Amino acid sequence: MTWLKRTLLALAVLIALAAALPFFIPLDDYIPRIEAEASARLRQPVSVESIRFAALPLPHVTIGGIAIGKGDDLRLGSVSVTPALLSLLQSTRIIDSIEIDSPVVTRQAIDLLLALAKSDPARPPQAATVRVLRIRVDNAVVRLDKTDFGPFDAQLGLDDEGRPADATVSTRDGKLKVLIKPDGANYLIDVGARAWTLPAAPALLFDELEIKGVASRKDLRLDAISARLYGGTATGKMRVDWQKGLRVNGDLDISELELRQVAAMLSPGARVSGRLSAKPTFSAAAPAAGQLANALRLESDFRVRDGVLHGVDIQQAATRLLKQGSSGGETRFEHLSGHLQVAQGSRHFTQLKIASGVLAADGKLSITPEKALSGRINAEVKAVGTSARVPLNVGGTLGSPLLYPTGASMAGAAVGTAIMGPGFGTSVGAKVGGWAEGLFET
């Protein structure tokens with residue numbers, strides 16, 4: 001057994017030497033060269049904090065503290081590169097794996113990556129001298145302004161030509177998983193999520209979400225979107241194009257969505273409940289991702305059933321006719337319908353119709369980006385065996401709406417009260433005032 005002891009002793013010496021080897025090989029002198037080569041290839045400044053070699057468990061090099069971009073748009077905690085040793089003597093070197101730990105991707109980094117994804121006809125194709133087999137990303141975070149997406153992990157396999165052969169991306173809590181597979185020159189996208197919250201505003205919570213689509217070098221087409229959320233469903237499609245800036249367009253079919261939480265997330269200050277059904281179409285175009293939200297254009301007919309408008313009582317405003325206006329309370333309705341247009345941050349509601357047991361109303365309403373309200377509501381209320389159509393102006397803000405009578409309805413109400421007394425005379429007078437005002441509307 002002496003040979004065994006000698007063999008084990010020799011192996012122990014080799015392992016000890018391998019573990020100690022990194023302390024005798026200075027690599028920091030290579031940092032300027034690596035920074036210059038990476039900056040030239042990416043056409044962006046690249047900085048590196050450290051570089052280390054380790055022999056165990058397999059020989060590999062770890063580069064730490066990598067920052068890419070003028071404002072450190074993309075930061076990588078560390079990158080470990082494990083080569084196939086025998087390939088180092090060949091013309092094409094093979095990298096078994098690249099492991100990227102704790103990358104932080106900003107909105108500016110996304111714009112940078114989209115720019116790099118575009119074809120560059122000025123740069124002639126070059127023969128590949130390095131082939132990478134696998135890339136793994138751990139603990140990644142995408143940071144969009146004040147919103148973080150992650151942490152998540154990703155794995156990517158590459159073919160002989162360096163193109164992605166398959167990829168998976170999943171959040172660490174297991175609620176979201178993305179599968180990517182090649183399909184000729186394109187890539188098939190398959191997304192599945194359960195109990196997953198959208199990381200960017202609005203922070204919608206999806207009970208289930210399934211997306212299937214195709215990605216190419218110039219665009220992303222999501223042709224089948226299906227979701228269950230807030231007691232309702234949504235289906236549709238969307239396309240993202242980055243050939244000239246960023247362009248997004250698509251459409252949805254929304255059915256029986258409970259509005260209470262969703263409305264507050266879409267527009268802070270909005271207080272409305274009920275079951276929403278709508279078929280919106282939307283589009284946006286902007287030079288960069290951060291400008292898309294302000295460029296959104298959306299249009300849709302909509303209807304809401306069995307709901308409540310909180311913060312305003314239309315019936316009370318139409319019957320009391322307070323000169324200073326009426327606020328507070330709530331308006332319950334059986335049906336609310338209309339047409340919505342969103343452009344440049346403003347929302348315009350037209351063809352509004354509200355119906356309940358004792359109230360009917362129609363009109364139009366606009367909401368500025370600053371949440372200021374303006375518009376007209378024509379309320380028809382029943383009083384003492386008759387009905388009165390009372391025009392009301394809309395003012396205030398989304399969080400504190402205000403309804404106040406027009407000048408003509410106030411004058412008509414005053415005359416009706418003087419002739420026939422309060423109550424019936426006021427309502428009839430308001431009706432006459434509204435009719436008289438209508439003669440001069442365009």
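1. Let me start with Gln-351, which is exposed, with a relative accessible area of 56%. In this predicted model, Gln-351 sits in strand E21, residues 346-355. The backbone deserves a look here: Gln-351 is not a glycine, yet its phi is positive, at about 55°. As background, most residues other than glycine have a negative phi.

2. Glu-256 makes a good companion to that point. Its phi is also positive, about 55°, although Glu-256 is not a glycine. Glu-256 belongs to strand E16, which covers residues 246-258. Is Glu-256 buried, partly exposed or exposed? With 27% relative accessibility, Glu-256 counts as partly exposed, whereas Gln-351 is exposed.

3. For the overall picture, the protein holds 7 helices and 25 strands. Of its 442 residues, 36% count as buried. Among contacts with a separation of 6 or more, 42% are between residues 24 or more positions apart.

4. Now to the nonpolar cores. The largest has 55 residues, and the members that touch the most others are Leu-209, Leu-229, Phe-302, Leu-336 and Leu-392. Which residues does Leu-229 contact, once neighbours within four places in sequence are left aside? They are Leu-204, Leu-205, Phe-206, Asp-207, Ala-234 and Leu-257. Another core, of 22 residues, lies apart from the largest one, and its members include Leu-74, Leu-76, Ile-95 and Ala-140.

5. Ser-300 is worth a visit in your viewer. This serine is in strand E19, residues 297-310, and is buried, with a relative accessible area of 5%. That value falls under the 20% cut-off, so Ser-300 is classed as buried. Beyond four places in sequence, Ser-300 touches Ala-278, Lys-279 and Pro-280, and also Gly-338, His-339 and Leu-340. For Leu-340, the C-alpha to C-alpha distance from Ser-300 is 5.3 Å, with the two positions 40 residues apart in sequence numbering.

6. Ala-215, in strand E13, is another buried position, at 15% relative accessibility. Not counting residues up to four places away in sequence, Ala-215 touches Asn-186, Tyr-187, Ile-189 and Leu-220. Ala-215 and Ile-189 are 26 residues apart along the chain, and their C-alpha atoms are separated by 7.0 Å.

7. Strand E13 comes up again among the salt bridges. How many salt bridges does a search of the whole structure find? There are 13. One of them pairs Arg-194 with Glu-210, with 3.6 Å between the closest N and O atoms. This pair links distant parts of the chain: Arg-194 is in strand E12 (residues 186-197) and Glu-210 in strand E13 (residues 205-215), 16 residues apart. Arg-194 counts as partly exposed at 41% relative accessibility, and Glu-210 is likewise partly exposed at 41%.

8. Two further salt bridges show how the accessibility of the partners can vary. Arg-239 and Asp-241 meet through their side chains at 3.3 Å, N to O. Arg-239 is partly exposed, with a relative accessible area of 32%, while Asp-241 is buried, at 14%. Arg-332 and Glu-330 also form a salt bridge, at 3.1 Å, N to O. Here Arg-332 counts as exposed, at 55% relative accessibility, and Glu-330 as partly exposed, at 32%. Salt bridges that share partners join Asp-219, Arg-221, Arg-239 and Asp-241 into one network.

9. Finally, a word on the second largest pocket, which encloses about 160 Å³ of space. Where does the largest share of its lining come from? Strand E9 gives 4 residues, the largest share. The elements that contribute two or more residues to this lining are E9 (147-158) and E12. Lining residues include Asp-148, Phe-149, Gly-150 and Pro-151, together with Ala-195, Trp-196 and Thr-197. Also among them are Thr-171, Arg-172, Asp-173, Lys-175 and Pro-199. By character, the lining divides into 5 nonpolar, 3 polar and 4 charged residues.

Technical notes:
Residues are numbered from 1 along each chain as its sequence is written. This is a predicted model: local features need pLDDT of at least 70, side-chain atom pairs count only at pLDDT 80 or more; totals for chains, interfaces and linings use all residues. Side-chain values use heavy atoms; hydrogens and water are left out. A salt bridge is a side-chain nitrogen of Lys or Arg within 4 Å of a carboxyl oxygen of Asp or Glu. Buried means under 20% relative accessible area, exposed over 50%, partly exposed in between (1.4 Å probe, protein chains only). A nonpolar core is a set of buried Ala, Val, Leu, Ile, Met, Phe, Trp, Tyr and Cys residues joined through side-chain atoms within 4.5 Å. Contact means heavy atoms within 4.5 Å. On a 1 Å grid over the protein atoms alone, a cavity is a set of points where a 1.4 Å probe fits but cannot get out, and a pocket is an open set with protein on both sides within 12 Å along at least five of seven lines; lining residues have an atom within 4 Å of a point. Grid points are joined across faces, edges and corners, and a volume is the space filled by probe spheres set on the points. Ala, Val, Leu, Ile, Met, Phe, Trp, Tyr, Cys and Pro count as nonpolar, Asp, Glu, Lys and Arg as charged, and the others, Gly among them, as polar.
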